[in-house]
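Let's take a walk through this structure together, one part at a time. Please have the sequence and the 3D view open as you read.

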Amino acid sequence: MKLEVKNLVKKFNSVLAVNDISFKIEKNKTLGLLGPNGCGKTTSIGMMLGLITPSSGQIFINEISLEPKNRIKLLSYMNFASPYIELPKKLTVRQNLEIYARLYGLKEIDQRTNEMIEDLNLQKFLNKKTGELSSGQKNRVALAKSLINKPRLLFLDEPTASLDPDIGDFVREYIEKYKKKNELTILLASHNMREVERLCDEVIMMKHGQIVDRGTCIDLIQKHGRENLEDTFLKIARSKSELE
Amino acid sequence: MNWNKIFALSLRHVYLIKGSFPRILDLIYWPTIQIFLWGFISKFFTLNSTFYENTVGVILSAAILYDFLFRSSISYNMMFLEEIWSRNFTNLFIAPIKLSEIIAALTFTAIFRTLIGLVPAALLAIPFFGVSIYKLGVPLIFLLITLYIFGVTLGLLVTSGLVRFGPSFENIAWASLFFLAPLGCIYYPVEILPEWLQIIAKLLPLVHIFEEMRNILIYDIVNYSQIIKATFISFIYFVIGVITFYLSYGGAKNRGTLINMGE
């Protein structure tokens, strides 16, 4: 699915959280959304998921506007994973996956649930309550939920935050493999620059609600004369903008 | 409306209840305590008052009906709060579900939770106090439906507050019904209230429901126009509740509070 954002603005009273951002993600590409804390990434994702009403601007998914009348239909092709949201803790992993499979209107519920269980190695804790899992296990379950509807547009907000390097690598590798086998466009917000370099085709740098730079990781590194994306990020984040 | 999605939302709460014995016990415990408390108070009144011939029956029936209203509303609020407490709110609102489906699922599941608590308590009242709510006969069905509509409406108004103000509105959720109880004239006739308060009280369906209950139990008269009036008032409040919920949801989307809502 193609995602296009045009002149998106979000104002919370007098605070300009997102200031006229525009970008496009072509089908099957992964775009990294980078920026320091409070730069407007989560608000932007919230608007793209239809959870926050933009003050102005438009969002198109496969050229269909994400307005209230189209929202439900478009949401069935989308999904989202973030360590800051959770699945019901008192329900088992299988129950949670079953419920979300039903909520996304899947017909072959058992088949899809079993596929996700096998793919993400969830068998061992399938009947455990989700709240009793370790962060790594929870993260894999959240990823399974975010892929249960075979989304064609996936939003990932810091998908490997708080994971140990081994599980973090497992998640990144799984996303890479999944993307090779399935049609999937990803918008990835992350503070892990190595993750961004590995997964993203292009990157957008945000600061104070605005897009301050964009390009491939290599282009940005070269443009700012740095050795890696982390240094490039630091240079952009610490530079004084016109707003300051 | 997609009934499969409504079923899925209800199933989430059924799994939650089914998976926890203390939760089931909690649902049964409070209505039972309420019945026993009012049962003994009523018995005391019977021995010391000549006003009602059937005090135990009237007061205890009122307690059961009021508890039905209370449980309906609290069940509705609790199910919504569960989503906030479990930080599942965002997942729910990014799933392709219409607001009307969420309202329908909460409404249907609330009756399930309510009955788990109230049926055992109402049955216990028969052997312990010789009071059967079923003595109200066919009108009981209409009284329960009316109470249920109003209970769900109160639930809708409180959940609107939760959507609008976030988890900090939780305390209001618990207090909402106690606020209405004195005006509802559950245990006493409306004439007890000062005149100006009677006018306000009559705007609530509760007064008509409980007046009717007393009419049936004391005078053995069924006044269906009173029941229809109560149902009509409840339905108007329900429509107001639905509109308020939609407005709160729109407001929450404007303020960006739907993302990352939780405790």
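In what order do the six strands of the open sheet in chain A stand, and what is the pairing? The order is E6-E7-E8-E3-E9-E10, and the pairing is mixed. Do keep in mind while reading that this is a predicted model.

## The six-stranded sheet of chain A

At the edges of this sheet stand strand E6 (78–81) and strand E10 (210–215) of chain A. Each has a single partner strand, so one side of each is left without a neighbour in the sheet. From one strand to the next, the twist averages 15°.

A good place to look inside the sheet is the pair made by strand E7 (residues 153–157) and strand E8 (residues 185–189) of chain A. These two run parallel and are joined by five bridges. To find one of the bridge partners, start at A:Phe155 and cross to A:Leu187 in E8(A).

## A buried helix across the sheet

Now turn to helix H1 (residues 41–48) of chain A. It lies across strand E3 (30–34), E7, E8 and strand E9 (202–207) of chain A, and runs at about 155° to E7(A).

Is H1(A) enclosed or open to the outside? Eight of its eight residues are buried, so the helix is largely enclosed by the rest of the structure. The buried residues of H1(A) include A:Lys41, A:Thr42, A:Thr43 and A:Ser44, and A:Ile45, A:Gly46, A:Met47 and A:Met48 are among them too. After the helix comes A:Gly50, which has a positive phi, near 80°.

## The four-stranded sheet of chain A

Chain A also has an open sheet of four strands, in the order E2-E1-E4-E5, with antiparallel pairing. Here the edges belong to strand E2 (15–25) and strand E5 (64–65) of chain A. Each of these has a single partner strand, so one side of each is left without a neighbour in the sheet.

Strand E1 (residues 3–12) of chain A is joined to E2(A) by seven bridges, and the two strands run antiparallel. If you would like a pair to inspect, A:Val5 has A:Phe23 in E2(A) as its bridge partner.

## Two domains in chain A

The domain assignment divides chain A into domain 1 (1–77 + 151–244) and domain 2 (85–150). Their centres, taken over C-alpha atoms, are separated by 25 Å. Domain 1 of chain A brings 11 residues to the contact, and domain 2 of chain A brings 11 residues as well.

Which helix gives the largest share of the side of domain 1 of chain A that touches domain 2 of chain A? That is helix H6 (residues 165–181) of chain A, with four residues. By class, this side of domain 1 has seven nonpolar, three polar and one charged residues.

## Helix H3 of chain A and its neighbours

Helix H3 (residues 93–103) of chain A has 11 of its 11 residues buried, so it is largely enclosed by the rest of the structure. Among the buried residues are A:Val93, A:Leu97, A:Ile99 and A:Leu103, and charged side chains are found there too, including A:Arg94, A:Glu98 and A:Arg102.

What do the buried residues of H3(A) pack against? Their neighbours are helix H4 (109–119) and helix H5 (135–147) of chain A, together with H1 of chain B. Just after H3(A), A:Gly105 takes a positive phi of about 70°.

## Where the chains meet

The contact between the chains takes 29 residues from chain B and 27 residues from chain A. On the chain B side, helix H1 (3–18), helix H4 (89–93) and helix H10 (224–255) each supply at least two residues. H1(B) gives the most, with eight residues. By class, the side of chain B that touches chain A has 12 nonpolar, 11 polar and six charged residues.

## Chain B as a whole

Chain B has 10 helices and zero strands. Its C-alpha trace spans about 60 × 45 × 30 Å along the principal axes. With 263 residues, a compact globule would have a radius of gyration near 18 Å, and the 19 Å of chain B agrees with that. Of these residues, 44% count as buried. Among contacts in chain B with a separation of 6 or more, 76% come from residues 24 or more positions apart.

For a contrast with the buried helices, visit B:Ser49, in the loop between helix H2 (21–48) and helix H3 (55–85) of chain B. B:Ser49 is exposed, with 9 other C-beta atoms within 10 Å.

Conventions
Residues numbered from 1 in each chain as written. Chains lettered and ligands numbered in written order. Domains from an automatic or database assignment. Contact = placed C-beta atoms within 7 Å. Rg over C-alpha atoms; globule rule 2.2 N^0.38 Å. Buried ≥ 20, exposed ≤ 12 C-beta atoms within 10 Å, placed from the backbone. Pairing = 2+ DSSP bridges. Axes fitted to C-alpha atoms, helices over the stretch in contact; angles between N-to-C directions.
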